[in-house]
Amino acid sequence: MIERQNFLKVSKYLLYLKEVMQLGISSVERYRFYLRHLLLWADDHDFSKAPMIRPTFPKYLSKQVQKDNSKDLAQSTQKKNTRHKQKIFSLG
Amino acid sequence: MSITKIKIPHKVIIRAPGLLPMLYTLNELASALDMPYNTLRGWLSAGAPHEKDNSGRLWINGESFRAWVVSQKPDKKLQRLTEGQGYCMHCNQARIIESPQYTFVNEKVKRIKGYCPVCKNIINRGIRDD
């Protein structure tokens with residue numbers, strides 16, 4: 001079961017992207033999909049305890065596959081995911 | 001007591017698999033599925049899985065809601081038309097075409113035009129002539 005506070009933080013971050021960074025709806029929806037990985041990775045741990053979670057986020061991403069189970073996630077997707085994770089953590 | 005199935009909109013069928021394994025409030029679920037709040041409330045009274053906490057707040061588990069949406073999908077009955085039959089749009093049933101007339105649409109596709117023996121309306125059917 002996913003930690004609710006994490007979900008609220010991610011929702012807040014998406015709102016920030018939309019209102020402050022002026023991103024379009026489709027971009028925000030894309031990032032919402034990216035950030036699913038972060039929520040699923042953290043699972044029931046709060047983001048404040050993220051350094052303790054194993055496997056680490058980049059390692060977790062490298063094991064994820066695309067929808068049709070054909071390929072791993074693209075390098076650029078993994079990179080964006082990690083960048084967004086850092087932004088969320090820095091925003092608190 | 002019979003269990004009636006709710007007609008779930010296509011966008012909900014598409015979006016429901018994306019629900020996370022967590023507890024959603026009604027408002028959050030409404031925005032995740034892009035559905036009106038009152039429609040979701042109606043679904044909850046019609047049997048969608050939810051739980052109430054001590055303060056009376058409603059919580060919906062994303063995973064169980066996803067499973068419920070899947071269970072609401074209508075059972076598909078594949079009914080093939082036999083030779084000489086056509087589907088009457090007025091009776092909403094397969095009927096034997098009365099006084100059929102054949103015209104070729106192209107080399108392979110034939111069109112049959114006739115009448116419904118019950119309601120006497122026009123029935124059209126296209127068949128591939130391989």
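**Figure 1. Strands β6 and β7 of chain B pair in the antiparallel sense.** In this close-up of the predicted model, strand β6 (residues 98-104) and strand β7 (residues 109-115) of chain B are linked by five bridges. One pair to look for is B:Tyr102, whose bridge partner in β7(B) is B:Ile112. Follow the chain from β6(B) to β7(B) and you pass through a hairpin of four residues. Strand β6(B) lies largely in the open, because none of its seven residues is buried.

**Figure 2. A hairpin takes strand β7 of chain B on to strand β8.** Here β7(B) meets strand β8 (residues 122-128) of chain B, and seven bridges hold the antiparallel pairing. B:Ile112 appears again in this view, with B:Arg125 as its bridge partner in β8(B). The same residue, B:Ile112, is the β7(B) partner of B:Tyr102, so it is a handy landmark for moving between this view and the previous one. Between β7(B) and β8(B) there are six residues, and in the turn B:Lys120 has a positive phi of about 65 degrees.

**Figure 3. Three strands of chain B make an open sheet in the order β1-β3-β2.** The pairing in this sheet is antiparallel. At the edges are β1 (23-24) and β2 (51-52) of chain B, each of which pairs on one side only. Strand β3 (residues 58-61) of chain B is joined to β1(B) by two bridges, and this pair runs antiparallel. To find the register, start at B:Tyr24 and look across to B:Ile60, its bridge partner in β3(B).

**Figure 4. The domain assignment divides chain B into two domains.** Domain 1 covers 10-71 and domain 2 covers 85-128. The C-alpha centres of these two domains of chain B are 44 Å apart.

**Figure 5. Helices α2 and α4 of chain A cross at roughly 80 degrees.** The axes of α2 (residues 25-42) and α4 (residues 75-91) of chain A come within 9 Å. The crossing angle makes α2(A) roughly perpendicular to α4(A). On the α2(A) side, the residues to pick out are A:Tyr31, A:Tyr34, A:Leu35, A:His37 and A:Leu38; they meet A:Lys80, A:Asn81, A:His84 and A:Lys85 of α4(A). Sorted by class, this contact holds four nonpolar, three polar and two charged residues.

**Figure 6. A:Lys87 in helix α4 of chain A has a partner from far along the chain.** The C-alpha atoms of A:Lys87 and A:Tyr13 are separated by 8.6 Å, although the two residues are 74 residues apart along the chain. A:Lys87 itself counts as exposed, because its C-beta neighbours inside 10 Å number 12.

**Figure 7. The loop between α2 and α3 of chain A contains A:Asp43 and A:Pro55.** Two backbone details are worth zooming in on here. Most residues other than glycine have a negative phi, and most peptide bonds are trans. A:Asp43 has a positive phi, near 50 degrees. With 13 C-beta neighbours inside 10 Å, A:Asp43 counts as partly exposed. Further along the loop, the peptide bond that joins A:Arg54 and A:Pro55 is cis, with omega about 0 degrees.

**Figure 8. A:Val65 sits in the loop between α3 (57-63) and α4 of chain A.** Its contacts include A:Lys71 and A:Asp72, leaving aside residues up to four places away in sequence. A:Val65 counts as exposed, because it has 10 C-beta neighbours inside 10 Å.

**Figure 9. B:Asp34 has a positive phi in the loop between α2 (26-33) and α3 (37-45) of chain B.** The phi value of B:Asp34 is near 55 degrees, in a residue other than glycine. B:Asp34 counts as exposed, because 10 C-beta neighbours lie inside 10 Å.

**Figure 10. Chain B touches chain A through four residues.** On the other side of this contact are six residues of chain A. By class, the chain B side has four nonpolar residues, with no polar and no charged ones.

Conventions. Residues numbered from 1 in each chain as written. Chains lettered and ligands numbered in written order. Predicted model: local features only at pLDDT ≥ 70, side-chain atom pairs only at ≥ 80, totals over all residues. Axes fitted to C-alpha atoms, helices over the stretch in contact; angles between N-to-C directions. Parallel < 35°, antiparallel > 145°, perpendicular 65-115°, else oblique. Contact = placed C-beta atoms within 7 Å. Nonpolar A, V, L, I, M, F, W, Y, C, P; charged D, E, K, R; others polar. Domains from an automatic or database assignment. Pairing = 2+ DSSP bridges. Buried ≥ 20, exposed ≤ 12 C-beta atoms within 10 Å, placed from the backbone.
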